[in-house]
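User: Please choose a single part of this protein and look at it closely, moving outward from there to what surrounds it. I am in my first year, so please explain the terms as you go.

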Amino acid sequence: MRWRQGRRSTNIEDRRGRKVKAGAGIGGGALLLIVLFVMLTGEDPSRVVEVLNQPGAASSDRPAPPSGPRADDEEFDFVRVVLASTEDTWSQLFDRSGRRYQPPVLVFFDDAVRSACGTNSAAVGPFYCPADSKVYLDLSFFRDLQNRFGAPGDFAQAYVVAHEV
């Protein structure tokens with residue numbers, strides 16, 4: 001696939017190198033307090049969960065020390081081109097029907113990530129979270145595509161990105 005000349009999307013968040021604590025979830029006592037708070041105030045439970053899952057709400061996301069180029073930087077660049085292609089294509093299709101396309105943000109991460117849909121490990125694979133309109137991708141999934149699923153190459157990778165969008 002000839003992708004190097006393609007437009008790169010800037011609609012991304014690069015969270016690679018950040019560590020998410022595995023046990024950073026809500027404990028039983030805290031969950032009970034949240035349920036009581038929601039019942040007493042009539043607050044929307046999904047809004048409470050959204051606030052608790054915001055990156056600034058807890059200090060469990062810590063950037064890694066700065067480092068040099070990463071081994072997956074070419075894959076990162078490739079995904080940005082594929083994402084830009086989906087943005088261009090869907091925008092044109094929506095324009096033809098008189099509507100406006102709102103593209104999702106693509107979040108790159110390593111190992112685990114916190115989203116409005118909860119904390120997920122890379123083991124779940126790429127996913128879309130409708131609660132925050134973001135696509136989440138750990139680039140190590142591309143190695144799984146090749147080694148575990150027998151689907152190597154640019155086309156398989158582009159298909160995964162387009163599918164999540």
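Analyst: A contact here means heavy atoms within 4.5 Å. With that in mind, Val79 is a good place to begin: leaving aside residues up to four places away in sequence, Val79 touches Leu106, Phe108, Leu137, Leu139, Phe142 and Val161. The model is predicted, with residues numbered from 1 along each chain, and its local features need pLDDT of at least 70. Side-chain atom pairs count only at pLDDT 80 or more, totals for chains, interfaces and linings use all residues, and side-chain values use heavy atoms, without hydrogens and water.

Val79 and the six residues that it touches are also the ones with the most fellow members around them in the largest nonpolar core, which has 19 residues. Such a core is a set of buried Ala, Val, Leu, Ile, Met, Phe, Trp, Tyr and Cys residues joined through side-chain atoms within 4.5 Å, and buried means under 20% relative accessible area (exposed is over 50%, partly exposed in between; 1.4 Å probe, protein chains only). Two or more residues of this core come from each of α3 (73–96), β2, β6, α4 (140–147) and α5 (154–164), where helices (H or I, at least four residues) and strands (E, at least two) are DSSP runs numbered from the N terminus. The largest share, six residues, is given by α3. Apart from this core lies another one of seven residues, with Val105, Phe109, Val113 and Cys129 among them.

Strand β2 (residues 105–108) deserves a slower look, since Val105 belongs to the core of seven residues, while Leu106 and Phe108 belong to the core of 19 residues. Both faces of β2 are covered, with Val105 and Val107 buried on one side and Leu106 and Phe108 buried on the other. Strands pair if DSSP finds at least two bridges between them. Strand β1 (residues 12–14) runs parallel to β2 and is joined to it by three bridges, and Ile12 stands opposite Leu106 in this arrangement. Strand β6 (residues 134–137) also runs parallel to β2, through four bridges, and here Val105 of β2 has Lys134 of β6 opposite it.

Stepping back to the whole protein, there are five helices and six strands, and along the sequence they follow the pattern β-α-α-α-β-β-β-β-β-α-α. Of the 165 residues, 33% count as buried. Among contacts with a separation of 6 or more, 69% are between residues 24 or more positions apart.

Charged side chains add a further kind of link, the salt bridge, in which a side-chain nitrogen of Lys or Arg lies within 4 Å of a carboxyl oxygen of Asp or Glu. There are ten of them in the whole structure. In one, Glu13 pairs with Arg15, with the closest N and O atoms 2.8 Å apart; Glu13 counts as partly exposed because its relative accessibility is 24%, whereas Arg15 counts as buried because its value is 9%. In another, Asp111 and Lys19 have their closest N and O atoms 3.5 Å apart. This pair links distant parts of the chain, with Asp111 in the loop between β2 and β3 (112–115) and Lys19, 92 residues apart from it, in the loop between β1 and α1 (28–41). Asp111 is partly exposed, because its relative accessible area is 48%. Arg148 forms a salt bridge with Asp144, the closest N and O atoms being 3.9 Å apart; Arg148 counts as exposed at 60% relative accessibility, and Asp144 is partly exposed at 24%. Arg7, Glu87 and Asp88 are joined into one network by salt bridges that share partners.
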